[in-house]
Amino acid sequence: LGNLEQANLYYEQALTVNPDNILARSYMGQGKVAAGDKVAALTQLREIQARGGAGTWAETSLRQAIETGTTYSY
């Protein structure tokens, strides 16, 4: 909803509880894309891949967001 700072706090809390939460990593990464921080988004993409998320919606949607600058909102 546009409050990326607050969203990041929630994503960080989710990742503290479960570092393997690839959906939280994907949405956090998409927020980073929206904020113009592709380096941080790539970090989350690599984490998703390292945690077994290659080929999942989490990886695909974040990779597309990084490539196109278009994020997904549900």
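R46 lies in helix 3, and this residue is a convenient place to enter the structure, which is a predicted model. With a relative accessible area of 53%, R46 is exposed, because exposed here means over 50%. The C-alpha atom of R46 is separated by 10.0 Å from that of R63, a residue 17 places away along the chain.

Helix 3 also holds Q44. Is Q44 buried or exposed? At 11% relative accessibility, Q44 counts as buried, because the cut-off for buried is under 20%. Helix 3 therefore carries both an exposed residue, R46, and a buried one, Q44. Leaving out residues up to four places away in sequence, Q44 touches L15, R25, M28, G29 and L62. Of these partners, L62 is among the buried residues of helix 4.

From here the view can widen to the whole chain. The chain has four helices and zero strands, and reading along the sequence gives the pattern α-α-α-α. The radius of gyration is 11 Å, close to the 11 Å that the globule rule gives for 74 residues, so the chain is as compact as a globular protein of that length. Taken along the principal axes, the C-alpha atoms fill a box of roughly 30 × 30 × 25 Å.

How much of the chain is buried? Buried residues account for 32% of the 74 residues. The accessible surface of the chain is about 4600 Å², and carbon and sulfur atoms contribute 53% of that surface. Contacts also link parts of the chain that are separated in sequence: among those between residues at least 6 apart, 47% join residues at least 24 apart. As for charge, there are 6 positive and 7 negative side chains, and the centres of these two sets lie 4 Å apart.

Next comes the start of the chain. Helix 1 covers residues 4–17, and Y11 has its place there. Y11 counts as partly exposed at 24% relative accessibility, because this value falls between the buried limit of 20% and the exposed limit of 50%. Which residues does Y11 touch, not counting those up to four places away in sequence? They are A24, Y27 and M28. For M28, the separation from Y11 is 17 residues along the chain and 6.2 Å between C-alpha atoms. M28 is also one of the residues touched by Q44, so M28 has contacts, meaning heavy atoms within 4.5 Å, with both Y11 and Q44.

Between helix 3 and helix 4 there is a loop, and A54 lies in it. A54 has a relative accessible area of 53% and is exposed, because that value is over 50%. Apart from neighbours within four places in sequence, A54 is in contact with I48, Q49 and E59. E59 is itself listed among the buried residues of helix 4. Measuring across the model in the other direction, the C-alpha atoms of A54 and Q6 are separated by 28 Å, with their positions 48 residues apart along the chain.

Helix 4 follows this loop. The helix runs over residues 57–68, which makes twelve residues, and reaches 16 Å from its first C-alpha to its last, close to the 16 Å expected at 1.5 Å a residue. Which residues of helix 4 are buried? They are A58, E59, S61, L62, A65 and I66. The buried residues of this helix pack against helix 2 (22–34) and helix 3 (38–50).

I66, found in helix 4, gives a detailed example of this packing. At 11% relative accessibility, I66 counts as buried, because the value is under 20%. Leaving aside neighbours within four places in sequence, I66 is in contact with V33, K38, A41, L42 and L45. I66 and D37 are 29 residues apart in sequence, and their C-alpha atoms are 9.5 Å apart in space. After helix 4 comes G69, whose phi is positive, near 80°.

How values were computed
Residues are numbered from 1 along each chain as its sequence is written. This is a predicted model: local features need pLDDT of at least 70, side-chain atom pairs count only at pLDDT 80 or more; totals for chains, interfaces and linings use all residues. Side-chain values use heavy atoms; hydrogens and water are left out. Helices (H or I, at least four residues) and strands (E, at least two) are DSSP runs, numbered from the N terminus. The radius of gyration is taken over C-alpha atoms; the globule rule is 2.2 Å times the number of residues to the power 0.38. Buried means under 20% relative accessible area, exposed over 50%, partly exposed in between (1.4 Å probe, protein chains only). Accessible areas come from the Shrake-Rupley method with a 1.4 Å probe; for residues, only the protein chains shown count as cover. Lys and Arg count as positive and Asp and Glu as negative; His and the chain ends are not counted. The place of a charge is taken as NZ of Lys, CZ of Arg, CG of Asp or CD of Glu. The expected span of a helix is 1.5 Å times one less than its number of residues.
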